[in-house]
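Got the viewer open? Here is a short tour of what to select, stop by stop.

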Amino acid sequence: MSRINKNVVLALLTLASSAFLLFQLYYYKHYLSTKNGAGLSKSKGSRIGFDSTQWRAVKKFIMLTSNQNVPVFLIDPLILELINKNFEQVKNTSHGSTSQCKFFCVPRDFTAFALQYHLWKNEEGWFRIAENMGFQCLKIESKDPRLDGIDSLSGTEIPLHYICKLATHAIHLVVFHERSGNYLWHGHLRLKEHIDRKFVPFRKLQFGRYPGAFDRPELQQVTVDGLEVLIPKDPMHFVEEVPHSRFIECRYKEARAFFQQYLDDNTVEAVAFRKSAKELLQLAAKTLNKLGVPFWLSSGTCLGWYRQCNIIPYSKDVDLGIFIQDYKSDIILAFQDAGLPLKHKFGKVEDSLELSFQGKDDVKLDIFFFYEETDHMWNGGTQAKTGKKFKYLFPKFTLCWTEFVDMKVHVPCETLEYIEANYGAAALAWKNPISSWFTAMLHCFGGGILSCLLLAEPPLKFLANHTNILLASSIWYITFFCPRDLVSQGYSYLPVQLLASGMKEVTRTWKIVGGVTHANSYYKNGWIVMIAIGWARGAGGTIITNFERLLKGDWKPEGDEWLKMSYPAKVTLLGSVIFTFQHTQHLAISKHNLMFLYTIFIVATKITMMTTQTSTMTFAPFEDTLSRMLFGWQQPFSSCEKKSEAKSPSNGTGSLASKLVDVASDNVKKKHTKKNE
C-alpha cells in the first residue's frame, strides 16, 4: 500500500472545512435570519423582538396581576401615546394574532402601571408570589396625609408605590387611592434611609416626583403585543394630565391648630353659608369645566383653604381666578343658563375684567381674570361707586390640584406667596408674628423714631414708654389673633371705622404740635427744622414705610413715599407749616383755636373720603394752580394723578394696607385691610 501524501490530506481537510463553513453561512443567511426577522417591524419599537427583557417582564407581571386579581391598568405615557397613534389597529387586534412587538418592546427602563387600591382585595401574599416568579420587589409606604390632623390616626401608613424588577427591566406600579372628590390620587415617592438607591434609576421614574391627582378614567381592555391589558378609554386625555397632575394637600395639622386657637364658627348662619357656598362652588366648577375653562381658588376662598381647610364663614362670597387667555365669550351666558344672573361686570377683556354673579341666599360668585406680564401677573379691581380702576400685582405662579369641600380644584402652587400678595400684613402675621409686630410698631411709633433720628436722639427712645408699647401691642394682638376674628369683624362696620379714623386724626394734630414744639427747643425759631420735625412726627408712619416694606421684602421704587406723597403725608405737611408759622408768631391766632380748626378740617375731610369711598386728593386743585404759577406745567396735576392711579395700585399710599382699603370689594379683603390700618 502506497504511502498517503500528507499534503494531499491537508488539502482535502482544508477543502472540507471551507465547504462546511460556506454551508453554515448559507444556512444562517437563508433560514435563521429570516426566521428571527419575522418578529421585527420597521418601526422603532420593533428593533427588539418578543424575547426582549421588556416584553418578558411585562408578560410575567400581567400574568401575576391576572392570577391574583390585582386591578391594574397601563399608564405609561410613552406606550399610551404609541397606542393612541395606532388605536384602530390595536382595537382590531385579537389575542395571539400579533406577529410584531411594537409597544412593550420599545427600549426603556420602566413600564408604568396603576393599581386601584380601593378595588384590591388580596394584598397579602402578593409580594411573596412575585418574588417566586423571579421579581425583586420594593414596597414604598408613607403616612396618609388625610389623617394628618387626627392624632390617633396620623401615623397610619398606606402603600404608595411598588417597584418590581426582573433582570434589567422594572415595573413601576403606582398605587392610586380613591378620594372624596371622585378622583384618583397617588403619593410622593420618598425613599427611606434603608432603601438601596441603586436598586433602579429612580430619577427616571415618571410618577412619584410629587403627589398627583387624575380624573377617574373609564377603562377598556385591549390586546397590546399579544398581551391583554386595561388602558384608559381616552389614552391622550390621561397622557395630557400627567405633566399637570401635581397635587398639594391641605394643611390639616395647621388647620387643626388654627381651630384650637380660634374656635370654629358653628352657628346656624355659618353652617348655612358654608352649605350655600359649597353648592355655588360646585355649580361654578361644573359650568367652567363644561366650557373647558381652567380656574383656581382665589382671594378669600383660597385663604380659607390654606388657613383652615374650609370656607371662611364670614367671607359671604366665593372667589375664583381665571387666566385671561382662557376667557370665552359665552361664559356669561353659560352662568346665566346655570341659574346665576350677572350682578356686575367691570373692565374689558383686554384690561381689568372682573365678573360677579349672584347665587342663592345672597352668596356672590366673583371671578377675577389674571393678566401675565414678563415678570409678574396682575388682576384689575374697580370701585363700584367711583369706577376707579386699580391693578393688583402677583408674583408668577403655577397651578396645582388640591381637595377642597369634597372637590378636586386648582390652587396656586406658590400658595403662600399668592396670599401674601393678596393680603399683605395679615398673611405676614400668620406666617411670622414677630415681624408683623415689629412692622406694626413702626407704623405706630414711626414718627417718633424718625424725629429722633433727625434730632440726633436715641431712635429707640419710644421704647421707654411701656404703657404705649403695651397698648399698641394689645391692639395688634386682638386685631390679628382674636378668637373668631371678632375685633376685625367689628371694625368692618362703617360707624366703627369712622370713629377710629376720627380719633386717629385728632392724635395726628397733637403729634404735629408736639414735633414743632420739640424742634423749637433745639433750634429757636428754626422754622425749616420745625416743619420737618412736625411733619415727621405726624406722618412718620407713612414716610418710614420704605424701611418697613424692605423688611417684608416687597419694596418697590414706584411705591416710594417721597416720589408720590399720600394724603396723610400732604395734610401733615400742611399742618406742620401752619403750626410753625403760628409758633413763630407769623399767624395771629391762638394755638388752641388753630388746633381746633385744623382738627375739624382733617377729621371732616377723612370722614368725607371714607363715606364717599374716594381717595381723590383734596389738595389737587391747589397743587394744580400752584404748579402752573411756579413751574409752568403744561398738564394739570389732577390728570397726571388720575393716570397714575389707573396704572398703579399704590394710589399714593405707602403701604399695601392703604391700597386695599381703597379698592377691596369683597368682605374678606376689607377685613384684612382694616387690620393693616
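Two strands count as paired if DSSP finds at least two bridges between them. Helices (H or I, at least four residues) and strands (E, at least two) are DSSP runs, numbered from the N terminus. What you're looking at is a predicted model, where local features need pLDDT of at least 70, side-chain atom pairs count only at pLDDT 80 or more, and totals for chains, interfaces and linings use all residues. Numbering runs from 1 along each chain as its sequence is written, and side-chain values use heavy atoms, with hydrogens and water left out.

First, select residues 157-166, which form strand 4. Nine of its ten residues are buried (under 20% relative accessible area, 1.4 Å probe, protein chains only).

Now add strand 3, residues 136-143: it runs antiparallel to strand 4 over eight bridges. Which residue of strand 4 stands opposite isoleucine 140? It's histidine 161.

On to strand 5, residues 169-179, which pairs with strand 4, also in the antiparallel sense, over six bridges. Click leucine 166 and you'll find histidine 169 of strand 5 as its bridge partner. Two residues sit between these strands in the hairpin, and alanine 167 there takes a positive phi near 60°.

Next, select 290-328. An unreviewed UniProt entry places "domain: LicD/FKTN/FKRP nucleotidyltransferase" here; such annotations may be inferred rather than shown by experiment. The end C-alpha atoms of this span lie 12 Å apart, and the span is 31% helix and 23% strand.

Last stop: leucine 587, in the loop between helix 19 (567-583) and helix 20 (591-611). Leucine 587 is partly exposed (between 20% and 50% relative accessible area), at 33%.
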